[in-house]
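Student: Please give me a close look at a single part of this model. Start with how the strands pair, then follow the packing wherever it leads. Keep it brisk.

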Amino acid sequence: MKNKYLIRMEEPEDCLIVNDGKDIYYRMFLDPVTKLLKNEMDCMQFRTPSSTPIDYHEHDQGTETFLVSQGKFLTNCMGRTFVMEAGDILHIQPWMGHGFIPVEENSRLNILFMGIDQQVITQNWQRLIRDYPGVYEDLSFKGMFREYSGQIAFRSLPAPNDTPREQIQQLRPAGYGIREHEFDGIKMQLKVARYETEGVKEIWDLRMKPGFYCKWEAFLPDYRLFYVKSGKLRCTVKTKNDETVEFDAVAENLITIPPYTPFGFEVVEEASMYDLDCGARLQDLCEEIESLKHTDAGKLSDDAAKAKLFKTFGFNCTDVGFKP
């Protein structure tokens, strides 16, 4: 029986859509959720370098977070050219021109959408190509289709402008965070800040040691989405009052938790994981903790005061800690 809380990104049976084409192996993992159309995610794996580039374009709404898990891409972002490689994140907001050319075999681009509804766009153009040959391929029709879908299409590719990676503000390389914080058993890197997602969420890279755990045992109206990059986590989800399911999550797995569902995880083997849908003001909370270390450290050892502090910043976990 399929585990509805776990998506093995490599397994076609766990995907919503699989399109195994000659040049691109395309997978869609998740439907968009909430009125914000967030957490929709897919993958484009390019078998042959330069075979099917993603043309230079921009959107008039929504954000895209590109996560390279394999290979390399020659990337143009707002007229600057650079190479993205495994472990990189590129976060694009409205009216930011961007395009990609795969430059290694089987280069893989995972794409997280917010406010775009790429699934509907994809279903429409695939249906047109399948049922009405020649219609979508017409350039004037394609321009109308993309503009109606929120894409400003057919922009000319900017002139070559090779730029050092450290000068690309939208690029978050492996090992880099806009802000970094470290606590017992975990190092946290802020990859995408709340001011880059219309105030909706933050995206974090969590590097955790065996024995680190976090539990959300209350019934919360939140969707949660985690992407395991390495290691192993033991996950527990409460499905009924008297029933829980346990499962392991490993590299290239998505953990997806629907609203009002208590859950938690414990790190079994040293792990690295993206929190792709952090609704808490976690960066603000970490700043507050660092301040209290200097001004009122006693608050951090008082369970009631700490719980109140967590609640103030929307961090609704019920237990978090490290058992080395």
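Tutor: Start with one bridge: methionine 28 has aspartate 42 in S4 as its partner. This is a predicted model, so local features need pLDDT of at least 70 and side-chain atom pairs count only at pLDDT 80 or more, while totals for chains, interfaces and linings use all residues. Residues are numbered from 1 along each chain as its sequence is written, and side-chain values use heavy atoms, with hydrogens and water left out. Strands (E, at least two residues) and helices (H or I, at least four) are DSSP runs numbered from the N terminus. Two strands pair if DSSP finds at least two bridges between them.

Strand S3 (residues 24-30) and strand S4 (residues 38-46) run antiparallel and are joined by six bridges. Both belong to an open sheet of seven strands, in the order S2-S3-S4-S11-S6-S9-S13, with antiparallel pairing. Strand S2 (17-20) and strand S13 (171-172) stand at the edges. Each has a single partner strand, so one side of each lacks a neighbour in the sheet. Strands of a sheet pair through backbone hydrogen bonds, either parallel or antiparallel.

A hairpin comes next. Strand S7 (residues 72-77) and strand S8 (residues 80-85) are antiparallel, with six bridges between them. Lysine 72 stands opposite glutamate 85 in S8. Two residues lie between the strands of this hairpin, and methionine 78 takes a positive phi near 55 degrees.

Now the part to examine closely: S16 and its surroundings. Six of the seven residues of S16 are buried, which leaves the strand mostly covered. Buried means under 20% relative accessible area, exposed over 50%, and partly exposed in between (1.4 Å probe, protein chains only). S16 pairs with S15 over six bridges, antiparallel. In that pairing, isoleucine 186 stands opposite methionine 208 in S16. S16 also pairs with S21 over six bridges, again in the antiparallel sense. There, aspartate 205 has tyrosine 274 in S21 as its bridge partner.

Stay in S21 for serine 272. Serine 272 is buried, at 9% relative accessible area. Its C-alpha is 6.2 Å from that of methionine 208, though the two are 64 residues apart in sequence. Residues up to four places away aside, serine 272 touches Asp205, Leu206, Arg207, Tyr227, Val228, Lys229 and Ser230. Contact means heavy atoms within 4.5 Å.

Go to the loop between strand S15 (186-192) and strand S16 (202-208): arginine 194 sits there. Arginine 194 is buried, with a relative accessible area of 18%. A polar atom of the arginine 194 side chain lies 2.5 Å from the backbone oxygen of alanine 280. Beyond its neighbours within four places in sequence, arginine 194 contacts residues including Glu202, Cys278, Gly279, Ala280 and Arg281.

Helix H3 (residues 282-295) has 14 residues. At 1.5 Å a residue it should span 20 Å, and its end C-alpha atoms are 20 Å apart, which agrees. The expected span is 1.5 Å times one less than the number of residues. Leu282, Gln283, Leu285, Cys286, Ile289 and Leu292 are buried in H3. Their cover includes strand S14 (180-183), S15, S16, strand S21 (263-278) and helix H4 (303-312).

Cysteine 286 counts as buried at 2% relative accessibility. Its sulfur is 9.1 Å from the closest cysteine sulfur, in cysteine 278, which is too far for a bond. A disulfide is a pair of cysteine sulfur atoms within 2.5 Å, and the structure holds zero. Cysteine 317 is in no disulfide either, with the sulfur of cysteine 214 nearest at 4.3 Å. Cysteine 317 is buried, at 11% relative accessible area.

S21 also takes part in ring packing. Rings of Phe, Tyr and Trp (its six-membered ring) pair if their centres lie within 6.5 Å; planes under 30 degrees apart count as stacked, over 60 as edge-to-face, and the rest as tilted. The structure holds 14 aromatic pairs. Phenylalanine 226 and phenylalanine 263 have centres 6.2 Å apart and planes at 55 degrees, so the pair is tilted. Phenylalanine 226 lies in strand S18 (residues 224-240) and phenylalanine 263 in strand S21, so the pair ties together parts 37 residues apart in sequence. Both phenylalanines, 226 and 263, are buried. They share one aromatic cluster with Phe212, Trp216 and Phe265.

Terms used:
Polar contact = N/O pair within 3.5 Å; in protein donor to acceptor, adjacent residues only side chain to side chain.
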